[in-house]
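Work through the exercises below with the model open. It is a predicted model. Each task is followed by a stepwise solution.

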Amino acid sequence: MNLPNKLSMLRIFLIPFLIFFYLEPFFPYGKIIAIAIFIIAAFTDMLDGKIARKYNLVTNLGKLLDPIADKLLVVSGLLLVVIDQTIPHPYGVIIAIIIIGRELLISAFRQIAASQNIVMAADGFGKLKTLTQDIAIPFLFLISFLGNDIVINSTALLVLQIIGYCLICFATLFTILSGVNYIINNKNVLKG
């Protein structure tokens, strides 16, 4: 197993710790640790791809592991902020359905493409989607920490919430745009 694949496995391995520290009620700074874990895991996503391309270490296992690890990380983080209503109900549920639905749709689309020996490379919208998700989710973790675990000025918390909601809305918008863009740019996959 090469280094990029080990980094993808590390990302998967970190997810239970992310969930534990986010939900663990007895440790006052658990959500801060969860933020650090999420950022480290998101960084390994960027790092494994760069290493794989630079050193020609792209493997079939990596093509399978990397997107699974990415999706598990984002979906886990998103569900945590939906469950504790950091994103207010019903908006959190709607955002989660959109993001998870897009991931399932594009994964199925990629499987169809792979069966036809067509490679669907990530594009600018896909990279922007990942970047905005990787910024929005730990920011929402911070809002949950500040709003529930630490008493701060209500105006400051409101400003942070507005920023967090804007970030997750942008992430959702780029999720939709990247999904539509994948389908439009690869519509020949559906012809078979």
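**Exercise 1.** Place Glu24 among the helices, then find what its side chain contacts.

*Solution.*
- Step 1. Glu24 sits in the loop that links α1 and α2.
- Step 2. Check burial and charge pairing. Glu24 is buried and has no salt bridge.
- Step 3. Find the nearest side chain of opposite charge. This is Lys31, 10 Å away. A salt bridge needs a nitrogen within 4 Å of a carboxyl oxygen, so Lys31 does not qualify.
- Step 4. Turn to the backbone. A polar atom of the Glu24 side chain lies 2.9 Å from the backbone nitrogen of Phe26. For the backbone nitrogen of Phe27, the distance is 2.6 Å.

**Exercise 2.** Repeat the analysis for Asp123, in the loop between α4 and α5.

*Solution.*
- Step 1. Asp123 is buried, again without a salt bridge.
- Step 2. Arg102 is the nearest side chain of opposite charge, at 6.2 Å.
- Step 3. List polar partners. The Asp123 side chain reaches the backbone nitrogen of Phe125 at 3.3 Å. A polar contact of 2.3 Å also joins it to the side chain of Asn181.

**Exercise 3.** Describe the largest pocket and its lining.

*Solution.*
- Step 1. Take the volume: about 1,800 Å³.
- Step 2. Count the lining: 48 residues. Nearest the centre are Asp66, Pro67, Asp70, Arg110 and Ala122.
- Step 3. Assign elements. α1, α2, α3, α4 and α5 each give two or more residues to the lining. The largest share, 11 residues, comes from α3.
- Step 4. Sort by class. The lining has 22 nonpolar, 14 charged and 12 polar residues.

Definitions and conventions
Residues numbered from 1 in each chain as written. Predicted model: local features only at pLDDT ≥ 70, side-chain atom pairs only at ≥ 80, totals over all residues. Heavy atoms only, no water. 1 Å grid on protein atoms, 1.4 Å probe; cavity = no way out; pocket = protein on both sides within 12 Å on 5 of 7 lines; lining within 4 Å. Points joined across faces, edges and corners; volume = space filled by probe spheres on them. Helix = DSSP H or I, 4+ residues; strand = E, 2+ residues; numbered from the N terminus. Nonpolar A, V, L, I, M, F, W, Y, C, P; charged D, E, K, R; others polar. Buried < 20%, exposed > 50% of the residue type's maximum accessible area, 1.4 Å probe, protein only. Lys, Arg positive; Asp, Glu negative; His and termini not counted. Polar contact = N/O pair within 3.5 Å; in protein donor to acceptor, adjacent residues only side chain to side chain.
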